[in-house]
Amino acid sequence: MFKYLKQLTSLVAMVAVLFTFTTETMAAKKSKTLKNTQKKGFVRCGVSQGLPGFSNADAAGNWTGVDVDVCRAVAAAVLGDANKVKFTPLSAKERFTALTSNEIDILSRNTTWTLSRDADIGLTFVGVNFYDGQGFMVRKNSGISSVNDFKDGVSACTNLGTTTELNMRDFFNSKGIKYEPVTFEKADEVVAAYDAGRCDTYTTDKSGLAAQRIKLSSPDDHIVLPETISKEPLGPVVRQGDSVWEDIVRWSLNTMIEAEEYGVTSANADSMKTSDNPAVKRLVGAEGELGAALGLDNDWSLRIIKQVGNYGESYKRNIADTGILPDRGPNELWTKGGILYVPPAR
Amino acid sequence: MNIKKILPQLLTLLAVILIFGFFSYNAQVNMENRGITFGYGFLSQESSFDVQFSLIEYDGSHSYFRAYLVGLLNTILVSVIGIIFATIIGVVVGIARLSNNYLINKTAAVYVEFFRNIPLLLQIFFWYFAALRALPLPQDTEPMFGVFFLTIKGFFVPAFVWNNLDIFIYSIIAAVISIIFVRIYAKKKQENEGIQTPVLSISIGLLLILPILSFLFGGVDASVEVPVIKQLSQSGFTYDGGIKLPPELISLALALSLYTATFIAECVRAGVQGVSKGQKEAAASIGLTPNQVLKLVVMPQALRIIIPPTTNQYLNLTKNSSLAAAIAYPDLVLVFAGTALMQTGRAIEIVSITMLTYLSLSISISIFMNWYNKKIAIKEK
């Protein structure tokens, strides 16, 4: 019985492979994800369950943040309207499964780019929209001013299922400190437990610490230690195997960063069509046929800049003006001493 | 063999195989398309994450399989604690609901209605964050009996440091075996000669004397290690030494017991009320004492009604313990289906192992309870 089943399945498989092969060659030029997105009329975007500055919903259900703006940029490029995005809040645990099982098409959820994630589990990272690093928050009255002040028996609250858990172990092991990890599934519980005094320190990405600090009962009683114990390049992720869609998301992000570099903003984008600089003209679609290579029209980048703004505007609106991290640090353009450097759009 | 009888069964089997075949084939194709590999080899890899609380020796240099065992043992621990306390509270409340005393009766009724009608997850959050709010910081705590310290960072209790622990354990095993023999002997004696032996006091005596002998002559020795306060920073303290029970374990066990106890209380009440009044009257009329009426007539019949639904409650409690992930108690779901799944990305493998594990746990409990149920069932002669 099982012998026949095997033969039957291989027959079914052969037919299926043949069928997909023939349809695939015709659709190869046009991405499946792009086609589906255009058919649905909205971009399916996975975000966090609430991290101010990155992806956070207000009382009316409007999402804002730099991670949210990546999805809005893709929507502006592909559908012509930055508001045509369906946001799905995901926990750290759910995020990759949601992407690989086709529930969402972009995961823009302060996710660290690592080799194993990129290569092993069917994902592709398209770039970095925030350079971060892991830090520690402690109570001011503890007198701790550096990570070297931690002692054996320290308890550390954090989120489960993140690179944070691994970095924490590497860090405490390298210092020879015995510690107690207390890991929660949701960030709100981490904050509540640390606030109540369950843990001596709260560790996560420094941007996260800055954003979550405002949720504490008295934010001024807590400080973030100066040391950064890891590299956390955060960026949007797509499914492996759809290179056209991957390119669209990558170059939507790159367009925002390059627009800042050339001084193109949401306010002056239209007037830049007559700029003397060919690079600027290409960026706003007045020269060249860059959109066609992505299967889009030529105004795709202009729409991103006009509707979402350049990277600097997005950062200022979401992170600087909200008081989370007024200092851009490494997230400044390479021309201004930061490390934001994107390949040229040409 | 009748073809009419076999054909429907064959068709059902075929349908089941086809459905499973379709799903596994579908998963295989999709995983291949997305470049995801499948395999259980990761279980032997180094896990590289730590766990807060573990019954066996574990740190990040151990394998993922070891992490799985840590989670499994923690799940079993909280389930066993929960089942014991839920049963005790449930029986007490169930009997209280049958009381003729208005106050006791109504208090029990209010307790049952209140706790079984609030979602369990909310109760877990309530007990956890209520505990965190109510418990003192390590430096402010008042010791109980000088050696127990209940703080926000956990319940610190003294630990025993043993010499020749194995001999002590053998003495207890020896005591248990002799008690079994005494019981068999007592039963025979009653059947043959009609004389009752005080089995209970003999059992207690054996259980005390043999371990004491092991202390006196077996070289067994235990000393107590009391937790001591330790300063971590200007404002941060903890306790060192002894055994630490994390607040997550305590509040989870509390929430699970209080919630499940309400259902067990109802089972107990139904069971006792299910024994007809005539049985008690008949038992009294043949001269049994009230204690004997309860032990020999009412309880054996009530248990037959109580056991099957209570088994369900034990299974529920075990499965509900997976809500632990919400409050950072490192159970199977948090450690294995949480952190390990995230670090390896092997969703299908890990979820399948986790499902099989819960299935085996539940089946073990129900096999045990079915055995017990059969043991107390009516034996027709």
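**Entry 1: the contact between the chains**

I looked first at where the two chains meet, and found that 41 residues of chain A and 38 residues of chain B take part in the contact, two residues being in contact if their C-beta atoms, placed from the backbone, lie within 7 Å. I noted that this is a predicted model, in which local features need pLDDT of at least 70 and side-chain atom pairs count only at pLDDT 80 or more, while totals for chains, interfaces and linings use all residues. Residues are numbered from 1 along each chain as its sequence is written, and chains are lettered from A and ligands numbered from 1 in the order in which they are written.

Among the elements giving two or more residues to the side of chain A that touches chain B, I listed helix 1 (2–27), helix 6 (163–175) and strand 10 (179–184) of chain A; helices (H or I, at least four residues) and strands (E, at least two) are DSSP runs, numbered from the N terminus. Strand 10 of chain A gives the most to this side, with 5 residues.

**Entry 2: the sheet**

I then followed an open sheet of 5 strands in chain A, whose order is 10-9-11-8-12 and whose pairing is mixed; two strands pair if DSSP finds at least two bridges between them. Strand 10 and strand 12 (222–224) of chain A are the edge strands, each pairing on one side only.

Strand 8 (residues 134–139) and strand 12 of chain A run antiparallel and are joined by 3 bridges. I looked up A:Val138 and found that its bridge partner in strand 12 of chain A is A:Ile223.
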